[in-house]
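Hi everyone, thanks for coming. Let me put the structure up on the screen, and then we can walk through one helix and what it touches.

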Amino acid sequence: MYSAAAGMAAQQQRLDALSNDVANVNTTGYKRVRVAFRDLLYTPERLATQGITEGAGSAATIVGRGHAQGSLQRTEEPLDVAIHGPGFLRMRRADGTEILTRDGNLRVDAQGRLGSERGDLVQPEIRLPEGASPADLKIAPDGRVTLAGRELGRLQIVTVASPDGLRALGDNGFEATAASGAVRAAPATTTLEQGALEGSNVDMGDAMAEMMEAQRAYEMASRAIQAQDRAAEIANAIKR
Amino acid sequence: MNRGLYVAASGMLAMQARQDQLSNDLANAATPGYKPDRAAHRPFGALLVENVTGTQGVGTMAAGVRLEAQATDLRAAPLRQTDEPLDLAVDGDGYFGVQTDAGVRYTRNGRFAAGADGTLVDQLGNRVLGRDGNPVRLRPDGTVDPAAVGVFAVDGVTKVGDSQFTGNAAGQATGRVRAGALEGSAVDAARTMVEMMANLRAYEAGQKALTTIDDTLGRAAGLGAIR
């Protein structure tokens with residue numbers, strides 16, 4: 001009975017992750033959650049028939065995020081950049097924390113500094129000359145930011161050995177940890193595209209199909225519990 | 001007469017054990033690379049029943065049943081496309097090898113991730129072994145070369161939990177690694193549910209036999225009652 005209950009708990013965890021994915025189907029740069037399942041310990045059957053073992057059900061672990069490329073949405077906004085391939089933009093929060101983000105929805109703040117919607121600033125800082133219009137900015141695939149042919153700086157594209165080890169700070173920001181490895185430059189194959197944003201990589205159809213599968217598995221585990229309960233009832237009825 | 005009680009009870013115990021296995025299969029109906037258990041019921045040794053008033057044999061009678069053998073059904077399940085670069089599946093025969101604290105273990109569950117040192121790890125953080133027996137290094141873009149991942153032939157495969165199997169390595173297997181796909185669970189939900197229902201009914205029948213024998217014994221005992 002407990003093995004079936006463990007199965008239900010594992011499916012519940014998966015449903016929670018899927019709900020989160022579906023809720024973020026329109027979040028720029030969102031990556032779907034990867035849930036992994038495994039079976040649990042096998043112990044010898046307690047009636048000690050030789051070689052018969054009983055499993056303890058299943059368990060779910062979140063192994064990180066899916067890294068499939070999200071669909072690119074063309075916006076034609078000069079301050080929107082989408083990242084092609086693995087990698088993150090380097091930014092600094094107002095409190096000084098260095099963050100990594102794939103959200104390329106950039107802004108120019110009151111002091112002319114390039115940053116995100118939430119006030120995080122691009123690292124190293126890129127400052128527009130006074131009076132310059134952000135509409136004239138050109139961002140090259142390798143991250144070089146130019147204004148009328150003059151280079152202002154370069155958007156750094158970085159990555160880590162294990163993006164799954166990054167700690168999510170909310171607002172699309174991630175922080176490097178010991179589990180993710182140190183921040184290093186992204187491979188040269190990763191490029192930026194100006195005038196586009198990377199959509200969420202959640203595929204609604206896939207998410208729905210997975211949700212149905214999770215629900216069926218949940219239901220079947222609950223049937224197993226009912227059957228075990230019925231068996232216990234039958235056993236109890238031996239003594240009337 | 002008493003013997004019948006034990007025959008029925010042994011049947012019920014065997015069904016209970018099978019029911020536990022079926023529950024475990026259903027709990028793993030969505031676990032990638034899971035292989036279900038099959039069980040065989042076998043009679044205990046048959047007894048020669050003799051006529052109590054003479055030495056004439058009247059035939060044999062089974063002394064009950066038990067689960068005799070358990071086998072894991074290792075047949076491959078269909079692969080499912082996931083498009084995640086670190087989801088790997090063995091297309092054909094063979095197992096992935098992972099280096100655990102307890103030694104090398106084998107698995108068909110290819111939901112892998114990237115380790116902090118740039119190697120391929122399983123969901124518990126164990127390193128996945130390459131063709132040469134060393135950890136698999138990821139490409140700079142975070143993907144993995146399917147040809148570098150080892151597929152091992154294993155003899156005497158036994159399930160140990162955590163999606164892992166033990167066994168004796170028997171060289172390279174013929175299966176090919178495919179990235180972006182996972183092997184499904186080999187649990188056939190409909191078949192398992194039907195077996196569970198049949199098993200439950202058989203359990204119930206065992207209980208009925210038990211109570212019937214108990215009734216009969218009660219009546220026999222009642223014959224000698226003094227009123």
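First, a bit of vocabulary: helices (H or I, at least four residues) and strands (E, at least two) are DSSP runs, numbered from the N terminus. The expected span of a helix is 1.5 Å times one less than its number of residues. This is a predicted model, where local features need pLDDT of at least 70, side-chain atom pairs count only at pLDDT 80 or more, and totals for chains, interfaces and linings use all residues. Residues are numbered from 1 along each chain as its sequence is written, with chains lettered from A and ligands numbered from 1 in the order in which they are written.

So, helix 2 of chain B, residues 189-223: its 35 residues should span 51 Å, and the end C-alpha atoms are 51 Å apart, which agrees. Its buried residues (20 or more other C-beta atoms within 10 Å of their own, C-beta atoms being placed from the backbone) include M196(B), Y203(B) and Q207(B).

Now its partner. The axes of helix 2 of chain A, residues 204-236, and helix 2 of chain B come within 10 Å and cross at roughly 5°; axes here are lines fitted to C-alpha atoms over the stretch in contact, with angles from 0 to 180 degrees between N-to-C directions. The two helices are therefore roughly parallel, meaning an angle under 35 degrees. On the chain B side, M196(B), Y203(B) and Q207(B) are among the residues making the contact (C-beta atoms, placed from the backbone, within 7 Å).

Zooming out, the contact takes 58 residues from chain A and 50 residues from chain B. Helix 2 of chain A gives the largest share of chain A's side, 13 residues.

Methods: A residue is buried if 20 or more other C-beta atoms lie within 10 Å of its own, exposed if 12 or fewer, and partly exposed in between; C-beta atoms are placed from the backbone. Angles under 35 degrees count as roughly parallel, over 145 as roughly antiparallel, 65 to 115 as roughly perpendicular and the rest as oblique. Two residues are in contact if their C-beta atoms, placed from the backbone, lie within 7 Å.
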